Structure formats: C-alpha cells, structure tokens
Amino acid sequence: MTKFEKPRGTRDFLPEEMAVRRKLENRFREIVKRWGYGEIMTPVFESLDLFKAKSGEGILGEIYYFEDKGERELALRPELTAPTMRAFVNEMQSFTKPIRLFYFENCFRYERPQKGRFREFWQFGTEIIGSDKPAADAESIALAMNLIKSAGIKGYLSIGNLAVVRHVLNKITDESEVKDKIMRLIDKKEFESLDNYLEEIGADFNSVSDLKRLISISGNDAKEVITNAKSVVGDLPELDSFKNMIELLEAYGISEYRVDFGIARGLDYYTGVVFEIYADGLGAQKQICGGGSYKLIPLFGGGDVASIGFGIGFDRIMEIFTEKQDKDTTVNVISMPETYKEGIRLALVLRHYVCTTADIMNRNFGAQLKYANSSNADYVLIVGEKEIEKEIYSLKDMKTGEQKELTEYELIQFFAEDD
RNA sequence: GCCCUGGUAGGGUAAAGGUUAUCCUGAAGCCCUGUGGAGGCUUCGAUAUGAGUUCGAUUCUCGUCCUGGGCCCCA
C-alpha cells in the first residue's frame, strides 16, 4: 500500500487547531469590518505575468507556476496585493474613493520551509485604494497594530519613509537600476557594500554624505528623528506629510514605535510610508506584518491611483498565539434500538440550541455512555422506553453525574438559556 | 540553492547484523441487552524510501523523500 504524504511545506489542520485558527481569523474579520473594510476574494491562480510585472523576473524561482492545457502561463499567487490591484483595475476603478478592502487567503511560495515559513501560508491583509494622504497611512498602521494587539501579541513597530530617502537618492542618480541596487543595500543594512558601490559609481560627495546621514537616522522619539531628518533634507513637503502622519498616530493611541529612515524597499512602486511589525518568539522569521504605500495601479494599466496596505503573516501569528479553542456545550443522545428514532427526533430539536450528537455505531447502552465520557460530552440525554412512555427524559450532567428528569419543553428551556 | 539535525504502529518509546521487533497510550470489539471514567480479555497498527555491503540489513554505507532549525530570499 502506498501511503501518500502531503507536499513539502504544506500542513493539515485538524479540528482542534482549526478551531483556534478560526477564532483568531474571526476576530480579525470583526475588527476590519468595524473599520469599514470589505472583503475581497481573488483567484488562487493568476497569469504569471502579473507577478512578474510587480516583482520582476527574479521572483520566478520562488513562484509555483505552470502552463495550463490552453498553454496559458499561470502562477499560484505568492501574495495578494498584486491580485487585489489587478481586480481594482479590472472592476473597481469607478468606485467611490477611498476603497477599503481586506482579504484572508492562502498564498504559495517555493521556498525552503523553516519556523514560521511554509510553502502554503495564509495572509490577512488590507488595502486602501485612492488616498495618498497621511491620514490613510496612519489609519493603515493603526489598524495593523490593532489587529496584532487583539491577538494578545506585543508587536514592535518600525516606520520608514521612502519618499524622503528617494529625494536624496535622486540627487545621486537618475538611473532606476542604480537606485534599486542602492535601496536593496540600504534595506539589508550592508553599509560597507553600499560605500563601495557609491564610490564605484562615482557619486557626488555631498549627496552621498546626505544619504548616509539620513539612513542612519532612527530612534523612538519621532519628533527628534524628524528634526534630525530636517537638518539633512531641509524643508521638504514629503517630510511634512510624514510629520503629519506621526501626529495622527498619536491620535490613534500609537505611541510606541521606532522611526527608521534606513528601512528601504528595492522596488520603485513604493511611494512613501513603509512599516514593519516584529514579534518575539519566532526565530529567524520575526516579521509578522509588512506594509507601505505604493503605486502599483499605473503599472497594471490603471490610472494614477495611490494605495496603502499591509499583510499579516497569519501562520506566524498562530505560532505565538496562545489562546485555546472555546469549547461548546455538547449533548450525546443515548438510545436503545427500539427508541433510536425518537432519539433522532429529539436530537433534531436540541440542535437548535446546542451541539447534539446521536450514536451511529450501534453501540449498546454502556458503550454509548463510555463514548460520551471519552469524547468529553457535557451532557447525556437518555432516551429509553421508560422515558418515551412518560415523555420525560433523563438529562445527565457528565461532570457532576447529576441526573434530572425533564420534559421536552423543559429540555429546550434548559439549553436555550445556556446560550 | 546551501548548512546542521532527525525519521521504529495514530501519539510516546525499547532493542538488535540472525526465528514471531518491546512496552505504554490510542482505536475497535467483548466481559456488561438501562447508567460513564477502573479492570480483564481479544483485535488493529511501525522499522520513510531506493540502492550498496553481507549468507542474511530495520540496524552498517550512500542517494532520495520528509520533519525540525539556520543561511539565502522575503515581492
């Protein structure tokens, strides 16, 4: 007999674990709904070109892609921002702005699995489309922090701003490839390589000095950081916007975070604010949330529309989410062969109020009780000939062993109150 | 793609180059056709996989697959 194994980097979620996952998922859903976000669902697979357009050829190595029978090049989605923006371009361009969207879906990446990293993983994320204002940035960050907090997790927030960094970068070069490379080096904090590279391209000394000063500015006191940045870049509208956003965060009650102009992104559709949230207890994969503002829509053939969003690594959150599943009250109906049908009828009635099961193993009375015990039922309802005759049923509390004689109406009362 | 680690029933384990691979737990059934948790009995269930060495491999060697962890990457 061949035994089939699940593909590498995928997981089976059994009921106990699923209950906890759904518990957190539902909590997240409730929160984003309260913030006015509507759910979007896009296909599990998209054209490969969509992801190449967003992230470049370099991502092919990490993408699951294939040719279908119609010779279309398709890819399992590695992330959800591109599909969401594609859907916007296709179907939502004339919607009233801003558009607030959220998603909770699985994504696929061909990577070496490790702690907090799987080949099939779930992302919970939001996108705001149509606002490039600091208020949208602030809302997005505040929402992300609210979600993390609702999971009982301490999240460490870092905020950067690429518009300010780019302003300085533009003085060094006009070539986007060169900019990309510099941004990557900054992001990885490989300052030696950065020095060498800047020297190699013969960058202007003053501009390089400004850049290096700017990206080294970071700290927990936002106002101080901004003052420092101002001393490098001078009066800059982008910096004013950033300052404005920081002030709004205060209104949202977000006060603990780090501002870091050394946060960078290699891809040039990122426009301004970028943020990351980290958590303890995750080994190498500490980042649980990443977000930022970007202009992806023009790249996908849409208008010049700005957006901002974030993605939460749901599986990573689950690794450190400590709550257990909520146990529902359960009732087992115990009957005899002669009374089985009446037992089914009563079970149907009780199911309006409480989780109820009946025997489907043809077990005898004692075995049914044993099963109720080992499956952790809270109550057992005994439906035997004596009970049917009197129309009074025996409800046994499995924890205390107490038994009550109740009519059908009293049973309903009993469990209806339980909710 | 690279490095380290491990892999014996569903879970946890023991042992050994040589008859039928140990024990606990679990599941199913019976003891027990109207009162559970205990106990007894029965049954089910494993050496990840391929090759090599050997008279003989589950044990030794190598490859593959997979787990866990790290590097790279992280759109």
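Reader: In which sense do strand E3 (residues 65–67) and E4 pair, and over how many bridges?
Author: This is a predicted model in which local features need pLDDT of at least 70, side-chain atom pairs count only at pLDDT 80 or more, and totals for chains, interfaces and linings use all residues, while side-chain values use heavy atoms and leave out hydrogens and water. Residues are numbered from 1 along each chain as its sequence is written, with chains lettered from A and ligands numbered from 1 in the order in which they are written. Helices (H or I, at least four residues) and strands (E, at least two) are DSSP runs numbered from the N terminus, and two strands pair if DSSP finds at least two bridges between them. Tyr65 stands opposite Ala75 in E4, and the pairing of E3 with E4 is antiparallel, over 3 bridges.

Reader: Which residue in the turn of the hairpin formed by E3 and E4 has a positive phi?
Author: The hairpin places 5 residues between E3 and E4. E4 (residues 73–76) also pairs with E2 in the antiparallel sense over 3 bridges, where Glu46 stands opposite Ala75. In the turn between E3 and E4, a positive phi of about 60° belongs to Glu71.

Reader: Is helix H3 (residues 81–92) largely enclosed by the rest of the structure, or not, and how many of its 12 residues are buried?
Author: Buried means under 20% relative accessible area, exposed over 50%, and partly exposed in between (1.4 Å probe, protein chains only). The buried residues of H3, among them Met85, Phe88 and Met92, pack against E2, helix H2 (48–55) and strands E5, E6, E11 and E12. H3 is largely enclosed by the rest of the structure, because the number of its 12 residues that are buried is 9.

Reader: Which are the edge strands of the open sheet?
Author: The open sheet has 9 strands in the order E1-E5-E6-E12-E11-E10-E7-E9-E8, with mixed pairing. The edge strands each pair on one side only, and they are strand E1 (38–39) and strand E8 (218–219).

Reader: Is chain A a compact globule or more spread out, and what is its radius of gyration?
Author: Chain A has 15 helices and 17 strands. The radius of gyration is taken over C-alpha atoms, and the globule rule is 2.2 Å times the number of residues to the power 0.38. The C-alpha atoms fill a box of roughly 95 × 55 × 45 Å along the principal axes. For 419 residues the globule rule gives 22 Å, so chain A is more spread out than a compact globule, its radius of gyration being 29 Å.

Reader: How many residues apart in sequence are the parts that Asp326 and Lys23 tie together?
Author: A salt bridge is a side-chain nitrogen of Lys or Arg within 4 Å of a carboxyl oxygen of Asp or Glu, and the side chains of Asp326 and Lys23 meet in one at 3.1 Å, N to O. Asp326 lies in the loop between helix H11 (314–320) and strand E13 (330–335), whereas Lys23 lies in helix H1 (residues 15–34), so the parts that the pair ties together are 303 residues apart. Asp326 counts as exposed at 53% relative accessibility, while Lys23 is buried at 18%. The separation in sequence is thus 303 residues.

Reader: Which residue meets Glu342 in a salt bridge?
Author: The partner lies 3 residues from Glu342 in helix H12 (residues 340–350), about one helical turn away. With a relative accessible area of 33%, this partner is partly exposed. The distance in the salt bridge is 2.9 Å, N to O, and the residue is Arg345.

Key: Contact means heavy atoms within 4.5 Å.
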